[in-house]
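Trainee: I would like to test some labels against their cut-offs. Can we go through them one at a time?

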Amino acid sequence: MSKNLVIVESPAKAKTIQKYLGKDFEVKSSFGHIRDLPKKGMGIDLATFTPDYEVSPDKKKLVAELKAAVKKADTVWLASDEDREGEAIAWHLAEELKLKEDHTKRIVFHEITKNAILKAIENPRKIDQNLVNAQQARRVLDRIVGFEMSPVLWKKVKTGLSAGRVQSVAVRLVVERELEIRNFKPKSAFKVDGLFLNKNKQEIAAKLKKDFAKETEAEEFLKQSQNTEFKVLNVETKPGTRSASAPFTTSTLQQEASNRLGYGVTTTMRVAQRLYEEGYITYMRTDSVNLSQEAINCAKSQIVSEFGEQYSNPRNFTTKSASAQEAHEAIRPTDFSLKRIGDEQLNKLYQLIYKRTLASQMANAKIEKTVIEIGNPALPQHFEAQGEVVVFDGFLKVYGITKTDEDDEENNEKLLPKVSVGEILDYKKIEATEKFTKPAARFTEAGLVKKLEELGIGRPSTYAPTIQTIQNREYVDKREILPQEREIMKMSLTKTELKKEILTEKFGGDKNKFVPTDIGEVVNDFLTQNFAEILDYGFTAKVEQDFDEIANGSEKWKEVLQGFYKEFHPKIADVEENAERANGERILGVDPKTGKNVITRIGRFGPMVQIGEQDDEEKPIFASLMANQNIATITLEEALELFKIPFDLKDFEGKTVTVGVGRFGPYVKWGETFISIPRGEDPLSVTQERAEEIIKEKKIADAPIATYKGEPVTKGTGRFGPFIKYQSLFINVPKRYDFENLSQSDINELIDAKLEKEANRYIQQWEKEKISIENGRWGPFIKFGKNMFKIPKTKKDEKYTAEELAAVSLDEVKKWITAQDKNAFKEKPKKAPAKKTAVKKPAVKKAVAKKK
């Protein structure tokens, strides 16, 4: 029996810590929070702002096990993370397990190493109630905002929507950036580049110091330059330095992992969590750039031994953010002698953290910058060539330089050849190219984190879940924006001629950047109009400061909540009562054929256009928008084109051919087969000839690649990757197979395995009732229609065996389903569509407004 019980929140962390503690310690995991606000209902007494916490059903067995372990231990050590969330986990454990204060010790550490763990054991403390209250305040406030605002959205916009204090502000940032891009008016100017040759025929690329607003001005300059003798007017060499960036905070790690590794915020945090739990790095949720003296000394030792004394420059950085919470260290390696680790996915992020920390303790890089001015006194403007050479690499030896989306891609400085003042240069060519100004870039995940941090919104632990939530809610997505085309003028001057040509350039395209969805824009408009205070950036940052004040004991958490709710709740009641419904409705114009209004809006199944209004004698006709269209920007002409889809073409090989647009984009339907039209191709441009090409390509792709027991086997690639199809079975092909060159034995192996799995899938099946008991990855479960339900335990509190489940009656299974969903077998009301007439009233109101 262990005298000491240590409780951490993660099993991986428990495993690592157990290695460092002797046999007198038993380490167990709480698997995160053991209790929280209830999933159903608000769970908060709004008179006193007292939360009604409950142990979730899936944690009850774990809590019972922890209670049993507590009884056997003399001392319980609560070792959850050192931030507010970790403090709250420790407090919930103490409350739920009814731990006695005299026998309970709270320990914290920011790295999972033997020294850190033993030092923590030597320096226990009590649970910090201020940190707990700061976490409670955030949890309760966010529950109140979500719980009271979301039903307003259901009533006024669309059912199933949600709002949140931080998520809604994040969506607002994305929407406002999109509006900025939409309203941007590009301006053109002519940029002039020259390529000159010195006496040794070495090339010098230079840019004219001034751009020309008009084509005529640029052309005039080129004509003046044609017979001009160019000279080196000035050569200036300046010494300079580059210094290393501070060690990583949560935010800067997320940004750099995005720039250098292409990781999303959630991936970065998942990998960092593993690195921390396995003892490789310090705690990964921090907004401090501070390093301990021990870490600085270890980094110095590593730098001196590996690179030499001249590369070492020990220093500590100060955190700029006034809101930085808790005295954490920056994210750094726990052992500077460990340069890489075995797991390749973990190693990529580890290397980034290792090199950034090491670089922060290294000497500045010394550079020599050279600027050459080229021209002639007779010309109104002169050229400038810039280059640089690294004299001493310093920290660059380890970390290098990363260019981000915001960096000027044209500023590629390089080493220049030696020239002297007065030296005559010959020009090889001079070009004036029309360039257009660009709008602000759309947010990447890392860019959005950076903006939230700049505004003081959210904290290290909230960035990743916020960004995940706004995508899960389908308020923003990362769909590809196809580029547009425009003509630009380019003039090229050589010794013999001035040539003009019209070029086509693409612009406005984007990949992997946040774009608001139609519903995201409509929800944002509704919230900013009706809850301006909640979505105000300053207000949201002020709330974060209130949490900080609670954490340091300057504010009482329930008083903060009372002050907020006193103003918030009346606003909810007012909006619910008086605000008009919102669906982004716009009248685009009049249909020339019918004379009826053409309207775009959010419908039951998403963005759509309609001809006619709800109160017309004839019902309106509807069409869905395409994936690349938006209710805020679609034109009347584009909307009318949608009503031409679907359209029929001539039969092909005895089967009907139709072109349409569906849930997954435009398609050609051939008989009963749906074939996607290639991305970027306008379905309205699909002719009979093109449709037949698409069908033939599909036939080739679907041609049998083999047979299995006399039946054909085909292959393809779907949303879940490569697959083969046999009869009605779709069988995923794992990466260990060469998908392009599958052998007959590979195919037999894949199909045999799938058939065996299918044979073992059902324990019992009632096809008529659409109910089955099936074997799943995590054990048996009940499937009813498309829904899955848990199998309860036996009366002896044990799991059912497969044999017992095979003998369970249908009535018993129905009882299990009903216990989890009371309405599972109730008939749905047939008159549901009639209720929707009330929803459509605003259309009538808007028609009246239009007549005014």
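Trainee: Why is N512 called exposed?

Mentor: This is a predicted model, and the label rests on a computed value. N512 has 52% relative accessibility. Exposed means over 50%. The value passes the cut-off, therefore N512 counts as exposed.

Trainee: Where is N512, and what is its phi?

Mentor: N512 sits in the loop between β17 and β18 (515–516). Its phi is positive, about 60 degrees, although N512 is not a glycine. Most residues other than glycine have a negative phi.

Trainee: How do you know whether K770 is buried or exposed?

Mentor: Use the cut-off again. K770 has 60% relative accessibility. Exposed begins over 50%, so K770 is exposed. K770 belongs to the loop between β31 (762–766) and β32 (771–776). Its phi is positive at about 60 degrees, and K770 is not a glycine.

Trainee: What makes the bond between I645 and P646 stand out?

Mentor: That peptide bond is cis, with omega about -5 degrees. Most peptide bonds are trans. P646 is in the loop between α17 (636–642) and β23 (647–652).

Trainee: Why are α3 and α5 called roughly perpendicular?

Mentor: Helix α3 covers residues 84–96 and helix α5 covers residues 129–156. Their axes cross at roughly 105 degrees and come within 8 Å. The class runs from 65 to 115 degrees. The crossing angle falls inside that range, so the two helices are roughly perpendicular.

Trainee: Which residues of α3 and α5 meet?

Mentor: From α3 come R84, E85, E87, A88 and W91. From α5 come Q129, L131, V132, A134, Q135 and Q136. By class, the contact has 5 nonpolar, 3 polar and 3 charged residues.

Trainee: What makes β16 mostly covered?

Mentor: Strand β16 spans residues 484–493, and 7 of its 10 residues are buried. Buried means under 20% relative accessible area.

Trainee: How do you know that β16 pairs with β14 and with β17?

Mentor: Count bridges. Pairing needs at least two. β14 (residues 424–436) and β16 are joined by 4 bridges. β16 and β17 (residues 498–507) are joined by 10 bridges. Each count meets the cut-off, so β16 pairs with β14 and with β17. β14 and β16 run antiparallel, as do β16 and β17. In the β14 pairing, I430 stands opposite L493 of β16. In the β17 pairing, S492 faces K499.

Trainee: How many residues lie between β16 and β17 in their hairpin?

Mentor: There are 4 residues between the two strands of that hairpin.

Trainee: What makes β27 and β30 edge strands?

Mentor: Each pairs on one side only. The open sheet has 4 strands in the order β27-β28-β29-β30, with antiparallel pairing. β27 covers 706–708 and β30 covers 729–732. On average, neighbouring strands here are turned by 40 degrees against each other, direction ignored.

Trainee: How many bridges join β27 to β28?

Mentor: There are 3 bridges, and the sense is antiparallel. The cut-off is at least two, so β27 and β28 count as paired. T707 has P712 in β28 as its bridge partner.

Trainee: Which helix lies across this sheet's strands?

Mentor: Helix α19 (residues 744–759) lies across β27, β28, β29 and β30. The helix runs at about 115 degrees to β30.

Technical notes. Residues numbered from 1 in each chain as written. Predicted model: local features only at pLDDT ≥ 70, side-chain atom pairs only at ≥ 80, totals over all residues. Heavy atoms only, no water. Axes fitted to C-alpha atoms, helices over the stretch in contact; angles between N-to-C directions. Contact = heavy atoms within 4.5 Å. Parallel < 35°, antiparallel > 145°, perpendicular 65-115°, else oblique. Nonpolar A, V, L, I, M, F, W, Y, C, P; charged D, E, K, R; others polar. Buried < 20%, exposed > 50% of the residue type's maximum accessible area, 1.4 Å probe, protein only.
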